[in-house]
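Here's a walk through one model, taken piece by piece. Have the viewer open while you read.

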Amino acid sequence: MFSISEVVGKLGSMPQIVSVYIPDESDIRTFYEEESRVSTISDMPMENEAMAVSKSRKHHLIVVFTEGLENSPHHEVVMKDGDGNLVGWDVPPGLEYEVEGRDDLVWMGEDFVMDPSAMEGEIRVVLVAQRLTVIGEDDGVRDPVAMFPSPSTDMMIRERYGITLDSRCATAIVGFDEV
């Protein structure tokens, strides 16, 4: 049987989790409203898949964490062309093997690669929903995802819950449905 307090307890018992909050529905609406205003610095088109997927879930938690929510690496930001083809992506620690030895990609920074042939076409930034495995069906949870908020939404969350501004900690909105 599903119990949100048990899910909070399980997440809260993980060593990388600093705290977990059960937000009011009005807080979640406010956070998503702020997140929907976010744009890229270069005004490149952006698709916030993470927000759309998280928002579609019935239950939400605010999680404050260090060192990531999971041990496995995930892409957080990708770029797609007008046809939806992947043309750029972040390279988090643990996924370096995806690009090692590839001379068909251009490094756009320390941890982002791009297909140079796509640079002249229509490109959009996609913030990727992070699938979670740290909670699941054994916990009464189905399809858990994490959305890592923009700096402005992160500040709203920190102010709302009295979370100290500490660069070692990050926030996430975790959304999930019941089994």
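How many bridges join strand 3 to strand 11? There are 7, and the two strands run antiparallel. Before going further, keep in mind that this is a predicted model.

**The sheet**

Strands 3 and 11 belong to an open sheet of 5 strands, ordered 1-3-11-10-9 and paired antiparallel. At the edges sit strand 1 and strand 9 (130–131), each of which pairs on one side only. Strands of a sheet pair through backbone hydrogen bonds, either parallel or antiparallel. Strand 10 also pairs with strand 11 in the antiparallel sense, over 5 bridges. If you want to check the register by eye, here are some pairs to click on.

| Residue | Opposite residue in strand 11 |
|---|---|
| H60 | G175 |
| F65 | A170 |
| R142 | D177 |

Strand 11 is mostly covered, with 7 of its 9 residues buried.

**Helices on the sheet**

Helix 1 packs on the sheet, where it touches strand 1, strand 3, strand 10 and strand 11, and its direction makes about 20° with that of strand 3. Helix 2 (residues 25–36) packs on the sheet too, touching strand 3, strand 10 and strand 11, with its direction at about 70° to that of strand 3.

Which residues of helix 1 (residues 4–12) are buried? They are V7, V8 and L11. These residues lie on the same side of helix 1 because they cover an arc of only 100° around the axis. The general geometry is familiar: an α-helix has 3.6 residues a turn, so residues three or four places apart point the same way. The buried residues of helix 1 pack against strand 1 (17–21), strand 3 (59–65), strand 10 (141–147) and strand 11 (170–178).

**The cores**

In soluble globular proteins, nonpolar side chains tend to be buried together. Here the largest nonpolar core has 18 residues, and those with the most contacts inside it are L11, L61, V63, L69 and V174. Helix 1, strand 1, strand 3, strand 10 and strand 11 are the elements that each give two or more residues to this core. There's also a second, separate core of 16 residues, which includes Y32, M51, V145 and I173.

L61 is a good residue to centre on. Neighbours within four places in sequence aside, its contacts include V7, V8 and L11, and also A172, I173, V174 and F176. So L11 turns up as a buried residue of helix 1, as one of the best-connected members of the largest core and as a contact of L61.

**Two residues to zoom in on**

Is T153 buried or exposed? T153, found in helix 4 (residues 151–161), counts as buried because its relative accessibility is 0%. Its side chain makes a polar contact of 2.6 Å with that of E35. Leaving out neighbours within four places in sequence, T153 is in contact with F31, E34 and E35.

W107 is found in strand 6 (residues 106–107). With 47% relative accessibility, W107 counts as partly exposed. Beyond its neighbours within four places in sequence, W107 is in contact with V91, V99, F112 and V113. Take V91: it sits 16 residues from W107 along the chain, and the C-alpha atoms of the two are separated by 10.0 Å.

Notes
Residues numbered from 1 in each chain as written. Predicted model: local features only at pLDDT ≥ 70, side-chain atom pairs only at ≥ 80, totals over all residues. Heavy atoms only, no water. Helix = DSSP H or I, 4+ residues; strand = E, 2+ residues; numbered from the N terminus. Buried < 20%, exposed > 50% of the residue type's maximum accessible area, 1.4 Å probe, protein only. Contact = heavy atoms within 4.5 Å. Arc of directions from axis to C-beta. Pairing = 2+ DSSP bridges. Axes fitted to C-alpha atoms, helices over the stretch in contact; angles between N-to-C directions. Polar contact = N/O pair within 3.5 Å; in protein donor to acceptor, adjacent residues only side chain to side chain. Core = buried A, V, L, I, M, F, W, Y, C linked by side-chain atoms within 4.5 Å.
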